[in-house]
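This briefing is for a reader who is new to the structure. Please look at the sequence and the model first, then read the points below.

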Number of protein chains: 2
Amino acid sequence: MKISLTPQEIEKRLMDAGVQPTLQRIAICRYVLCEADHPTAEQVKDWAQQNLDKISQATVYNTMNALVDAGLLRALRLPHTEKVIYDDNIEDHHHFFDEETGRLYDLPEEQIDVRSKLPKKFKTNRVEVLFTGKVED
Amino acid sequence: MKISLTPQEIEKRLMDAGVQPTLQRIAICRYVLCEADHPTAEQVKDWAQQNLDKISQATVYNTMNALVDAGLLRALRLPHTEKVIYDDNIEDHHHFFDEETGRLYDLPEEQIDVRSKLPKKFKTNRVEVLFTGKVED
DNA sequence: GAACATATTTAGAATAGTTCTAAAGATATA
DNA sequence: TATATCTTTAGAACTATTCTAAATATGTTC
């Protein structure tokens, strides 16, 4: 279900988000926005080093941070790993973690209804649900 | 709302869980079970180094892992920090993170009702909700 | 309670993931 | 075209945690 974007479209997205569209950034976006599924920085680095002439680890990290800061990606930290996971879904949503495959699925907001009876002093800004289990094939 | 335990009660808990009750472990349990509020290993180490003659970092980590493995503690990984957070509440429950104070509150299972319409192939084992916001005083 | 096996603790080295530094290179601006 | 500004880079540094191997403590047997 990933979107397909031309380099020009990616360039526009970056500019609109206030990120200067360098070669490295465009390439990384091609991967994280159009191909990857909740990648870690390491996975982005591996892909980039195979698909670009030359790119440093620092640039990968710089770029991921720039994309998160610009609001084009979200950084996730989940219980099963200490690596940051990047999510190109920037809408509010929930996650299902398949503990057998290690794969993470996005669950749209609307599919989950959370009703809470918290004491009034708890003022909630965000609610995030993590389901853990397995996905049958 | 923390429980108060005598060294003997702590010793018994450790034995029942199959953990040899050494001086260091009993001391750390005194802190994590009776005093601390979602501490990190670092906080446990700081407390231990102030309150015990001498304790090494390695022992703190060894002990925390032993307690988690024995089922006396749970290890949590939350979005706002890369440090592992230890929770002495080993029941299924949810969390509220106060983004102003950095404090984490346990929310009992019963206070939260999660209704989901997931496709049938998603077989859920666990559901964890993280609320983020602020707690008024 | 001495002797022995087993488990725990320790200091320090090692590792993993990420960030920092400062120099070199690219890009945009005047 | 010169100049200021950003980006990239290699490598060092940093943070959280784990590993290693030696020393110490604990439990067990006679």
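Three helices each supply at least two residues of the surface near DNA strand C: α4 (57-69) of chain A, and α2 (23-34) and α4 (57-69) of chain B. The model is a predicted one. With four residues, α4(A) gives the most to that surface.

**DNA strand C**

- DNA strand C is surrounded by 18 residues, and the closest are A:Lys83, A:Val84, B:Thr22, B:Arg25 and B:Thr59.
- By class, six residues of the surface near DNA strand C are nonpolar, eight are polar and four are charged.
- Sugar or phosphate accounts for 82% of the atoms of DNA strand C within 4 Å of the protein, and bases account for the rest.
- The side chain of B:Thr22 has an N or O atom 2.5 Å from a phosphate oxygen of DNA strand C.
- For the side chain of B:Arg25, an N or O atom is 2.8 Å from a phosphate oxygen of this strand.
- B:Ser56 contributes through its backbone, with an N or O atom 3.0 Å from a phosphate oxygen of DNA strand C.

**DNA strand D**

- Around DNA strand D there are 18 residues, of which A:Thr22, A:Thr59, B:Tyr61, B:Lys83 and B:Val84 are the closest.
- The elements that each supply at least two residues of the surface near DNA strand D are α2 and α4 of chain A and α4 of chain B.
- The largest share of this surface comes from α4(B), with four residues.
- Six nonpolar, eight polar and four charged residues make up the surface near DNA strand D.
- Of the atoms of DNA strand D within 4 Å of the protein, 82% are in sugar or phosphate and the rest are in bases.
- A polar backbone atom of A:Ser56 is 3.0 Å from a phosphate oxygen of DNA strand D.
- From chain B, a polar backbone atom of B:Val84 is 2.8 Å from a phosphate oxygen of the strand, and an N or O atom in the side chain of B:Asn65 is 3.3 Å from a phosphate oxygen.

**How the two protein chains are related**

- Chain A superposes on chain B (RMSD 0.1 Å) after a rotation of 180° with 0.0 Å of shift along the axis.
- The two copies are therefore related as by a two-fold rotation axis.
- Both copies use the same surface, since 100% of the contact residues of chain A recur in chain B.

**The interface between chain A and chain B**

- In this interface, 34 residues of chain A are in contact with 34 residues of chain B.
- About 3,200 Å² is buried between the two chains, and carbon and sulfur atoms give 53% of this area.
- A:Arg77, A:Arg115 and A:Phe122 supply 18% of the area that chain A buries against chain B, more than any other three residues.
- Between the chains there are two salt bridges, and one joins the side chains of A:Arg126 and B:Glu99 (3.2 Å, N to O).
- There are also 18 residue pairs in polar contact between chain A and chain B.
- On the side of chain A that touches chain B, β4 (104-108), β5 (112-116) and β6 (122-135) each give two or more residues.
- β6(A) has the largest share of that side, 14 residues.
- By class, that side of chain A has 15 nonpolar, seven polar and 12 charged residues.

**Salt bridges**

- Over all chains, the count comes to 14 salt bridges.
- One of them pairs A:Asp37 with A:Arg103, whose closest N and O atoms are 3.1 Å apart.
- A:Asp37 is in the loop between α2 (23-34) and α3 (41-51) of chain A and A:Arg103 is in the loop between β3 (93-98) and β4, so the pair ties together parts that are 66 residues apart in sequence.

Key:
Residues numbered from 1 in each chain as written. Chains lettered and ligands numbered in written order. Predicted model: local features only at pLDDT ≥ 70, side-chain atom pairs only at ≥ 80, totals over all residues. Heavy atoms only, no water. Near = heavy atom within 4 Å. Polar contact = N/O pair within 3.5 Å; in protein donor to acceptor, adjacent residues only side chain to side chain. Nonpolar A, V, L, I, M, F, W, Y, C, P; charged D, E, K, R; others polar. Least-squares fit on C-alpha atoms with pLDDT ≥ 70 in both. Contact = heavy atoms within 4.5 Å. Buried area = accessible area lost by both parts, 1.4 Å probe. Salt bridge = Lys/Arg side-chain N within 4 Å of Asp/Glu carboxyl O.
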